[in-house]
Amino acid sequence: MSIKRWYANQTSREQGIIACAAIVGIGAMSYLFVIEPLASGTKARQASIEVQKKDLAWMKQQEKLVVSAGGTVAGVTRPLDQAAYLLLDKAIRDKKITAPERVTPDGSQGAKAQISNVEFDKLLEVLGGLDATYGLSVTTMNVSKKSEGLVNARFSLEVGQ
């Protein structure tokens with residue numbers, strides 16, 4: 001028996017109820033499978049855009065910090081008369097953070113350092129400034145949390161190519 005024949009065998013009252021149920025069902029399915037995914041997708045994209053705007057504002061703020069610290073955004077300059085370990089030591093002293101236990105040269109273009117009980121944020125500012133100003137990039141880094149906001153760190157720096 002086909003659906004058409006079954007529907008035709010129903011009373012007019014039952015046909016009306018079935019038609020109303022079909023319309024409600026089609027409306028509910030349309031909402032669940034078309035309208036709701038579009039609405040939630042739009043909300044998710046708007047939230048993503050807000051996060052990206054905040055990230056961009058933070059990046060612009062960090063750019064100002066790097067430039068104010070003597071770095072350049074367009075190019076990297078490195079005095080040829082100073083070794084990497086001296087530049088690292090000077091940057092640490094300028095930032096007035098905990099003095100490292102050890103700073104040693106690592107070849108002609110690099111340095112290794114070990115530092116304890118240093119504020120993580122300030123250490124990252126020092127390393128970021130060295131990268132932006134002199135092209136000294138972190139090649140390896142081992143960081144362990146000492147207490148809230150303080151870390152012990154060992155890292156190697158090398159002039160980027």
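The exercises below, each with a worked solution, concern a predicted model.

**Exercise 1. The length of helix α4**

Task: Work out which span is expected for the 15 residues of helix α4 at 1.5 Å a residue, and compare it with the separation of the end C-alpha atoms.

Solution:
- Helix α4 covers residues 120-134.
- The expected span is 1.5 Å times one less than the number of residues.
- For α4 this rule gives 21 Å.
- The C-alpha atoms at the two ends of α4 are 21 Å apart, which agrees with the expected value.
- After α4 comes Gly 135, which has a positive phi near 75°.

**Exercise 2. The buried side of α4**

Task: List the buried residues of α4 and find which elements they pack against.

Solution:
- A residue counts as buried when its relative accessible area is under 20%.
- In α4 the buried residues are Leu 123, Val 126, Leu 127, Gly 129, Leu 130, Ala 132, Thr 133 and Tyr 134.
- In a helix with 3.6 residues a turn, residues three or four places apart point the same way.
- The packing partners of these buried residues include two helices, α2 (12-68) and α3 (84-95).
- The strands β2 (110-119), β3 (136-147) and β4 (150-159) are packing partners as well.
- α4 lies across β2, β3 and β4, and its direction is at about 175° to that of β3.

**Exercise 3. The order of the strands**

Task: State in which order the four strands of the sheet are arranged, and explain which strands have a side without a neighbour.

Solution:
- The sheet is open, its strand order is β1-β2-β4-β3, and the pairing is antiparallel.
- β1 (102-105) and β3 are at the edges; each has a single partner strand, so one side of each has no neighbour in the sheet.
- On average, neighbouring strands are turned by 10° against each other, direction ignored.
- α3 packs on this sheet and touches β1, β2, β3 and β4. The direction of α3 makes about 20° with that of β2.

**Exercise 4. Two strand pairs**

Task: Give the number of bridges between β2 and β4 and between β1 and β2, with one bridge from each pair.

Solution:
- Strands of a sheet pair through backbone hydrogen bonds, either parallel or antiparallel.
- β2 and β4 are joined by eight bridges in the antiparallel sense. Val 118 has Val 151 in β4 as its bridge partner.
- β1 and β2 are also antiparallel, with four bridges. Arg 102 is bridged to Gln 114 in β2.
- β1 and β2 form a hairpin with four residues between the strands, where Gly 107 has a positive phi near 75°.

**Exercise 5. Positive phi outside glycine**

Task: For Lys 96 and Asn 117, find where each residue is placed and whether it is buried, partly exposed or exposed.

Solution:
- Most residues other than glycine have a negative phi.
- Lys 96 is not a glycine, but its phi is positive, about 55°. Lys 96 is in the loop between α3 and β1. Its relative accessible area is 71%, so Lys 96 is exposed.
- Asn 117, also a residue other than glycine, has a positive phi near 50°. Asn 117 belongs to strand β2. Its relative accessibility is 35%, so Asn 117 is partly exposed.

**Exercise 6. The largest nonpolar core**

Task: Name the residues that touch the most other members of the largest nonpolar core, and follow the contacts of Leu 157.

Solution:
- The largest nonpolar core has 21 residues, and those touching the most other members are Leu 88, Val 126, Leu 130, Leu 136, Phe 155 and Leu 157.
- At least two residues of this core come from each of α3, β2, α4 and β4.
- With neighbours within four places in sequence left aside, the contacts of Leu 157 include Leu 88, Leu 127, Leu 130 and Leu 136.
- Ser 156 is in strand β4. Its relative accessibility is 9%, so Ser 156 counts as buried.
- With neighbours within four places again left aside, Ser 156 contacts residues including Asp 106, Lys 112 and Thr 140.

**Exercise 7. The start of the chain**

Task: Describe the surroundings of Gln 10 and give the separation of Arg 5 from Gly 128.

Solution:
- Gln 10 is in the loop between α1 (3-8) and α2. Its side chain reaches the backbone oxygen of Trp 6 at 3.3 Å.
- Beyond neighbours within four places in sequence, Gln 10 is in contact with Gln 15 and Ile 18.
- Arg 5 is in helix α1. Its relative accessible area is 53%, so Arg 5 is exposed.
- Arg 5 and Gly 128 are 123 residues apart along the chain, and their C-alpha atoms are separated by 77 Å.

Technical notes
Residues numbered from 1 in each chain as written. Predicted model: local features only at pLDDT ≥ 70, side-chain atom pairs only at ≥ 80, totals over all residues. Heavy atoms only, no water. Buried < 20%, exposed > 50% of the residue type's maximum accessible area, 1.4 Å probe, protein only. Contact = heavy atoms within 4.5 Å. Pairing = 2+ DSSP bridges. Axes fitted to C-alpha atoms, helices over the stretch in contact; angles between N-to-C directions. Core = buried A, V, L, I, M, F, W, Y, C linked by side-chain atoms within 4.5 Å. Polar contact = N/O pair within 3.5 Å; in protein donor to acceptor, adjacent residues only side chain to side chain.
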